[in-house]
Amino acid sequence: MSLAVIERPSPNFNERPEGRRPDILLLHYTGMASAEAAVARLCDPAAKVSSHYLVDEAGRIIRMVHEHLRAWHAGVGHWAGESDINGCSIGIEIANGGHEFGSPPYPDIQMRAVEALCRDILSRHPIAPRRVLGHSDIAPGRKADPGEWFDWARLARAGIGLWVSPEPVIEGPGLRKGDRGDTVAELQFMLGDYGYGIEVLGRYDEATEAVVTAFQRHFRPERVDGVADVSTVATLRRLLEAARA
């Protein structure tokens, strides 16, 4: 670790699965009123949650669990066939009130610290760009963080994660809950191909709506409504092309 960090050890961790090294970088917002309250919870044995790092609003980096250990930040989730996300990921909590506290902006000084911390982690771990994710990506039915106002494009410009410019939103047809058929199955296949935990069933159910919403939060934040419109599908196709390249 080449960055200055504040040590606040959490008791909430265990060993990673034998032979497993981190290959996912997972970003969260704390969703609490203050960074201090979030650190207290993440270090509380009764809470049974933790994270490797927390970045507060002033850009201070707090380490609670060392990277070689399994922190308890992801909960139940799935990505690219992996269900033990805690076992294969490094978690960064970013102090932000989240949707429950008015979706406050992430200050520039905080984002600069997040960038520096991510680059530092990526210098040590071979984490693919498409595996730099938000909590909502791996748990779309439960989580919405780090939120649609988080600047993923900024991180990509710093060499962190995968990003394509979203296709502009235009009014027109789209797939939505209740729809069925091959077009829905193709959408589900593409989302699963990128990594989302989704079954190819050919029906646009609640789970599909949740995954589309998560995709929009990360990659097409202009409109987050769970409807797979022309913009959403086009952005997904371009993202898959970028991932394959």
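What follows is a short back-and-forth about a predicted model.

Student: What makes α6 roughly perpendicular to α7?

Tutor: Start with the packing: helix α6 (residues 206–219) and helix α7 (residues 230–244) meet at an angle of about 70°, their axes 11 Å apart. Angles from 65 to 115 degrees count as roughly perpendicular, so α6 gets that label relative to α7.

Student: Which residues make that contact?

Tutor: On the α6 side you've got Val212, Phe215, Gln216 and Phe219, and on the α7 side Thr232, Thr235, Leu236 and Leu239. By type, the contact residues split into five nonpolar, three polar and no charged.

Student: Why is Asp120 called buried?

Tutor: Asp120 sits in helix α2 (residues 108–124). The cut-off for buried is under 20% relative accessible area, and Asp120 comes in at 8%, so it counts as buried.

Student: How far apart are the C-alpha atoms of Asp120 and Ala139?

Tutor: They're separated by 26 Å, with the two residues 19 apart along the chain.

Student: How do you know that Cys88 isn't bonded to Cys118?

Tutor: A disulfide needs the two sulfur atoms within 2.5 Å. The closest cysteine sulfur to that of Cys88 is in Cys118, and at 16 Å it's too far for a bond. Looking from the other end, Cys118 is in no disulfide either, with the sulfur of Cys88 as its nearest, 16 Å away. The structure as a whole holds zero disulfides.

Student: And are those cysteines, Cys88 and Cys118, buried or exposed?

Tutor: Cys88 has 0% relative accessibility, so it counts as buried. Cys118 is buried as well, with a relative accessible area of 0%.

Notes:
Residues are numbered from 1 along each chain as its sequence is written. This is a predicted model: local features need pLDDT of at least 70, side-chain atom pairs count only at pLDDT 80 or more; totals for chains, interfaces and linings use all residues. Side-chain values use heavy atoms; hydrogens and water are left out. Axes are lines fitted to C-alpha atoms, for helices over the stretch in contact, and angles run from 0 to 180 degrees between N-to-C directions. Helices (H or I, at least four residues) and strands (E, at least two) are DSSP runs, numbered from the N terminus. Angles under 35 degrees count as roughly parallel, over 145 as roughly antiparallel, 65 to 115 as roughly perpendicular and the rest as oblique. Contact means heavy atoms within 4.5 Å. Ala, Val, Leu, Ile, Met, Phe, Trp, Tyr, Cys and Pro count as nonpolar, Asp, Glu, Lys and Arg as charged, and the others, Gly among them, as polar. Buried means under 20% relative accessible area, exposed over 50%, partly exposed in between (1.4 Å probe, protein chains only).
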